[in-house]
Amino acid sequence: MAGAATKGSSLVNRLLVQARPQLDTFLRYAKVELTPPTPGDIPAIRQGLGRLITGARTGAYKNLTVREAWLNTLVTMEVCFWFYIGECIGKRHIVGYDV
């Protein structure tokens with residue numbers, strides 16, 4: 001039994017040593033990407049939304065390349081999927097609300 005415990009602890013130590021660089025990279029990106037917007041970011045967000053609305057009015061979306069249109073479609077699908085997952089988590093059921 002003691003041999004299994006030492007084998008298990010050495011396996012965990014080796015796993016931690018190998019996972020450390022990847023965890024450091026993840027934490028570095030998470031610190032940047034997962035922070036909420038600061039008050040200084042709000043003007044840039046407004047400008048981006050203004051450009052989006054102007055582009056929709058003028059038909060600028062017709063001049064996109066296939067790659068840009070595909071990437072926009074994928075981002076839109078991702079947002080919709082995350083919204084749906086959040087709804088499922090919030091209502092604690094996949095279908096319908098528990099009344």
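**Close-up views of a predicted three-helix chain**

**View 1. A salt bridge joins Asp24 and Arg20****.** The side chains of Asp24 and Arg20 come together in a salt bridge, with 3.7 Å from N to O. This is a predicted model, so read every close-up here with that in mind. Both partners belong to helix 1, which covers residues 2-33, and they sit four residues apart, about one turn of the helix. In general, side chains of opposite charge can pair when their charged atoms come close. Asp24 counts as partly exposed because its relative accessible area is 35%. Arg20 is partly exposed too, with a value of 47%. If you go looking for other pairs of this kind, the count for the structure comes to one salt bridge.

**View 2. Arg28 caps the ring of Tyr29****.** Here the charged end of Arg28 sits over the Tyr29 ring, 5.4 Å from the ring centre. What about rings meeting rings? A search of the whole structure turns up zero aromatic pairs.

**View 3. Helix 2 and the glycine that follows****.** Helix 2 takes in residues 42-58, which makes 17 residues. At 1.5 Å a residue, a helix like that should span 24 Å, and the end C-alpha atoms are indeed 24 Å apart, so the two figures agree. Just past the end of helix 2 comes Gly59, with a positive phi of about 85°.

**View 4. Helix 3 from end to end****.** Helix 3 runs over residues 66-91, 26 residues in total. The expected span is 38 Å at 1.5 Å a residue; the end C-alpha atoms lie 37 Å apart, which agrees. Right after helix 3, Arg92 takes a positive phi of about 60°. Asn72 has its place in helix 3, and it counts as partly exposed because its relative accessibility is 42%. Looking back along the chain, Asn72 is 13 residues from Gly59, and their C-alpha atoms are separated by 15 Å.

**View 5. Cys80 and Cys88, two cysteines without a bond****.** How far is the sulfur of Cys80 from the closest cysteine sulfur? The answer is 13 Å, and that closest sulfur belongs to Cys88. A disulfide needs the sulfur atoms within 2.5 Å, so 13 Å is too far for a bond. Seen from Cys88, the closest cysteine sulfur is likewise that of Cys80, at 13 Å. The count of disulfides comes to zero. Is each of these cysteines buried or exposed? Cys80 counts as partly exposed, since its relative accessibility is 47%. Cys88 is buried, because its relative accessible area is 15% and the cut-off for buried is under 20%.

**View 6. Stepping back to the whole chain****.** The secondary structure comes to three helices and zero strands, and from the N terminus on the elements run α-α-α. The radius of gyration is 23 Å, well over the 13 Å that the globule rule gives for 99 residues, so the chain is more spread out than a compact globule. Along its principal axes, the C-alpha trace spans about 75 × 45 × 35 Å. Of the 99 residues, 5% count as buried, and Cys88 from View 5 is buried.

Conventions:
Residues are numbered from 1 along each chain as its sequence is written. This is a predicted model: local features need pLDDT of at least 70, side-chain atom pairs count only at pLDDT 80 or more; totals for chains, interfaces and linings use all residues. Side-chain values use heavy atoms; hydrogens and water are left out. Helices (H or I, at least four residues) and strands (E, at least two) are DSSP runs, numbered from the N terminus. The expected span of a helix is 1.5 Å times one less than its number of residues. Rings of Phe, Tyr and Trp (its six-membered ring) pair if their centres lie within 6.5 Å; planes under 30 degrees apart count as stacked, over 60 as edge-to-face and the rest as tilted. A charge sits over a ring if NZ of Lys or CZ of Arg is within 6 Å of the ring centre and within 35 degrees of the ring normal. Buried means under 20% relative accessible area, exposed over 50%, partly exposed in between (1.4 Å probe, protein chains only). A salt bridge is a side-chain nitrogen of Lys or Arg within 4 Å of a carboxyl oxygen of Asp or Glu. The radius of gyration is taken over C-alpha atoms; the globule rule is 2.2 Å times the number of residues to the power 0.38.
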